[in-house]
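User: I would like to work through this structure by question and answer. Please give the reasoning behind each reply.

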Amino acid sequence: MEMETVILHGKKFRKFISSEEIQNRIAVLAEKIKSEMSGSEPMFVPVLNGAFFFASDLIRHAGIHCEISFVRISSYAGTKSTGVIKSLMGINSNIEGKKIILLEDIVDSGETLIYLLNELSKHNPSQIKVASLLLKPTTLKHDVTIDYLGFEVPHDFLVGYGLDYDGLGRNLNDIYKLDN
């Protein structure tokens, strides 16, 4: 049963992007990745916890031989970014000479993405591409390239499909925005 609104930690969120729209867009991104990565075996690097759902669906839709290695980054507290990036878990594989596809749930300021690109580059991969389900272009502080982008979204606080509000809401199939 689809819900038009959800309540998390006493705050009301209204449906913003349906699961059907998400899955349709992921299928398009997966086809582009499949076409561009034909003949290679890239390593997908999902950023936990948020990109878990996006990564799972995208990698399965792409249907290509690949490796997967997770990184975990934290920079949020409640509904605000702390601006402080804490690397909690890193790459546990050799990525030298490999094609990397970094998977993000959302690019907001771009701080986390820049941090990750710099860290990954230190290990000399042959290529790094970025896939993000969501991008908030009005809040970007850095010039970043998203090679595979799902949706541009406004500067609203979002939950669902991997995005959480203090731990809740990640498991929602749709994406919801804070109802002010």
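User: In which strand is the place of Phe 151?

Analyst: This is a predicted model, and the reply rests on its computed strands. Residues 148–152 form one strand, and Phe 151 has its place there. The strand is β9.

User: Is Phe 151 buried or exposed?

Analyst: A residue is called buried when its relative accessible area is under 20%. Phe 151 has a relative accessible area of 17%. Because this value meets the cut-off, Phe 151 is buried.

User: Which residues does Phe 151 touch, not counting residues up to four places away in sequence?

Analyst: The contacts of Phe 151 include Leu 133, Leu 134 and Leu 135, and strand β8 spans residues 127–135. With residues up to four places away not counted, the full list is Ile 17, Glu 21, Ile 22, Arg 25, Leu 133, Leu 134 and Leu 135.

User: How many bridges join strand β8 to β9, and in which direction do the strands run, parallel or antiparallel?

Analyst: Strands of a sheet pair through backbone hydrogen bonds, in either a parallel or an antiparallel manner. In this pairing, Leu 135 stands opposite Glu 152 of β9. The strands β8 and β9 are joined by four bridges, and their direction is parallel.

User: Why is β9 described as largely enclosed by the rest of the structure?

Analyst: Phe 151, a residue of β9, is buried at 17% relative accessible area. The description of β9 as largely enclosed follows because the number of its five residues that are buried is four.

User: In which helix is Asp 57 found, and which of the residues in that helix are buried?

Analyst: Asp 57 is found in the helix of residues 52–62, which is α2. Asp 57 itself counts as buried, because its relative accessibility is 13%. The cover over the buried residues of this helix includes α1, β3, β4, β7 and β8. The buried residues of α2 are Phe 54, Ala 55, Asp 57, Leu 58, Ile 59 and Ala 62.

User: With the side chain of which residue does the side chain of Asp 57 make a polar contact?

Analyst: Leaving aside neighbours within four places in sequence, Asp 57 is in contact with Gln 23, Ile 26 and Tyr 161. A polar contact at 2.5 Å joins the side chain of Asp 57 to that of Tyr 161.

User: Which residues form a nonpolar patch on the surface, and what is their accessible area together?

Analyst: One member is Ile 68, which lies in strand β4 and counts as partly exposed at 42% relative accessibility. The patch is formed by Phe 52, Ile 68 and Phe 70, and together their accessible area is about 260 Å².

User: What is the order of the open sheet of four strands, and which strands stand at the edges?

Analyst: The four strands pair in an antiparallel manner, in the order β1-β2-β11-β10. An edge strand has a single partner, so one of its sides is left without a neighbour in the sheet. The strands at the edges are β1 and β10.

User: What is the bridge partner of Val 159 in β11?

Analyst: Two bridges join β10 to β11, and these strands run antiparallel. Strand β11 covers residues 175–178. The partner of Val 159 there is Tyr 176.

User: How many helices and strands does the protein chain have?

Analyst: Along the sequence, the pattern is β-β-α-β-α-β-β-β-β-α-β-β-β-β. The chain has 180 residues, of which 45% are buried. The totals are three helices and 11 strands.

Conventions
Residues numbered from 1 in each chain as written. Predicted model: local features only at pLDDT ≥ 70, side-chain atom pairs only at ≥ 80, totals over all residues. Heavy atoms only, no water. Buried < 20%, exposed > 50% of the residue type's maximum accessible area, 1.4 Å probe, protein only. Contact = heavy atoms within 4.5 Å. Polar contact = N/O pair within 3.5 Å; in protein donor to acceptor, adjacent residues only side chain to side chain. Patch = residues over 30% accessible without salt bridge, like charges linked within 9 Å, V, L, I, M, F, W, Y side chains within 5 Å. Areas by Shrake-Rupley, 256 points an atom, 1.4 Å probe, with all protein chains shown as cover. Salt bridge = Lys/Arg side-chain N within 4 Å of Asp/Glu carboxyl O. Pairing = 2+ DSSP bridges.
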